[in-house]
Amino acid sequence: MKISVIGGGYVGLISALGLAELGHDVTIIEIDKSKVDLINSAKSPIYEQGLQELLEKHIGKNLSASLSYESVGGSDVSLICVGTPPLPDGSADISYILSAAEKIGEACKDNSDFHVVAVKSTVPPGTTKDSVKPVVLKHSGKEPEEIGFAMNPEFLREGRAFEDFLNPDRIVIGSEEPKSAEMIEMMYAGLSAPVLKTSLTAAEMIKYASNALLATKISFANEVGNLCKRFSVDVYDVMKGVGMDHRLSPHFLNAGCGFGGSCFPKDVSALASLAMKMGENPYLLNAVLQVNEHQPEKMIELLEARTGPLSQKKIAVLGLAFKDFTDDIRESRAIPIIKALLAKGALVSAYDPLANEHMKALIPKITYCTDAKSALLNADGCLVVTEWPEFSDLNEEFHVMKDQIIIDGRRILRTEQAEGICW
Ligand code: UGA
């Protein structure tokens, strides 16, 4: 199939490469010229495991990037993958979606073949049906039977996105007519995953509800974990027992310093804001966010209880990315943790295998180190904030600390000196 992917950000780039890997002819349409140039010269604009290799494999063959919407006219499917950033009230800003819909409509004017416009971005329920569809139809001048619409949410985890793209748990396709759903299903031919066909609006809601429930599991594990700590019980033993119930599953019950990233905080807030707008009180969603906001404070409190007042104490922060295998620091728990340490007068030395530069741009006035041992040298305390596997091998590196007070926020350390935030 010929596919135009609108947006060369994280979701667009991964989807485009995944679809190229499935054998399709893919054009990425991107407004940022520097990104277009980078992609076309097989240089990845972002970090993701396996991305560089796949770019080199497909660019100039069945993948290219362009500033223009010209390819849409000859494509079977346009996949909208532009951002939906949060507005001040937490709701999603869909202006980039609407602008993409306008341009797709214009590019489709002279297209004689059936074309499907599919939304992949996370959008509020009703967006595809009530906003994207009328805008595309208006700007293309086409009748509803000439253009199909679909909503096809993504469930990719950063750091493991290609693994998730090629081995999905399910493919969700929202549509109003069978022809569009069939074309999207064909686009994924070659993947073995159950396909759920549903309405446009239900597909949009499935994405929000999935992320909100995953975030709920984490906040639940954290709240129970905080209580376990009071009873000197290991929350990981407790959640192992809980997760053995097939109705619950053992995943996403890892307690620690909370969830970050570009998805969970934003999507839970957006769903809560939607609920308010619709006259429903989002008690549970608000609590999920509240627990998450408090976990970094818990970590600082525990550290302070062990080290005494933090003023002029040297504290090593290991891990700055919001999770392992990414350089992404968006909503990383390291941000409130470092800010709280600085507010208490601590001297912070930090290390992350990939995210030092991004954090330096946000918080320049701390010391950035090229390895864990340098960050730990003469430190009065250490906080582990990201679940990087390399941290699990740290042991004698801690011996260079002034005082071996080590608080693990991710249950990643194996050293016996470490104390867990909720275990
Ligand atoms: C998340 C979802 O897992 C994906 O399915 C979804 O497609 C994606 O959002 C999205 O909406 O685009 P992602 O944010 O990349 O993926 O990362 P996760 O692996 O889900 O981790 C999110 C955060 O939760 C991280 O800070 C991680 O450290 C934390 N976490 C995760 C926990 O604290 N405990 C856990 O048990 C699991």
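The centres of domain 1 and domain 2, taken over C-alpha atoms, are separated by 34 Å. Domain 1 covers residues 2-200 and domain 2 covers residues 264-420, with bounds that come from an automatic or database domain assignment. Between them, 15 residues of domain 1 are in contact with 16 residues of domain 2, where contact means heavy atoms within 4.5 Å. This is a predicted model, in which local features need pLDDT of at least 70 and side-chain atom pairs count only at pLDDT 80 or more, while totals for chains, interfaces and linings use all residues. Residues are numbered from 1 along each chain as its sequence is written, and side-chain values use heavy atoms, with hydrogens and water left out.

We can turn next to the sheets. Strands of a sheet pair through backbone hydrogen bonds, either parallel or antiparallel. One open sheet is formed by eight strands in the order 3-2-1-4-5-6-7-8, with mixed pairing; here two strands pair if DSSP finds at least two bridges between them, and helices (H or I, at least four residues) and strands (E, at least two) are DSSP runs, numbered from the N terminus. Strand 3 (63-66) and strand 8 (195-198) stand at the edges of this sheet, each with a single partner strand, so one side of each is left without a neighbour in the sheet. Within the sheet, strand 1 (residues 2-6) and strand 2 (residues 25-29) pair in the parallel sense over five bridges, and the bridge partner of Lys2 in strand 2 is Asp25.

A second open sheet has six strands in the order 11-10-9-12-13-14, paired in parallel. Its edges are held by strand 11 (367-368) and strand 14 (418-420), each with a single partner strand, so one side of each is left without a neighbour in the sheet. Strand 12 (residues 381-384) runs parallel to strand 13 (residues 406-408), and three bridges join the two; Cys382 has Ile406 of strand 13 as its bridge partner.

Finally, we come to the side chains. The count of salt bridges comes to 23, a salt bridge being a side-chain nitrogen of Lys or Arg within 4 Å of a carboxyl oxygen of Asp or Glu. In one salt bridge, the side chains of Arg330 and Glu158 meet at 3.7 Å, N to O. This pair links distant parts of the chain, 172 residues apart, with Arg330 in the loop between strand 9 (314-318) and helix 12 (334-343), and Glu158 in the loop between strand 6 and helix 6 (161-166).
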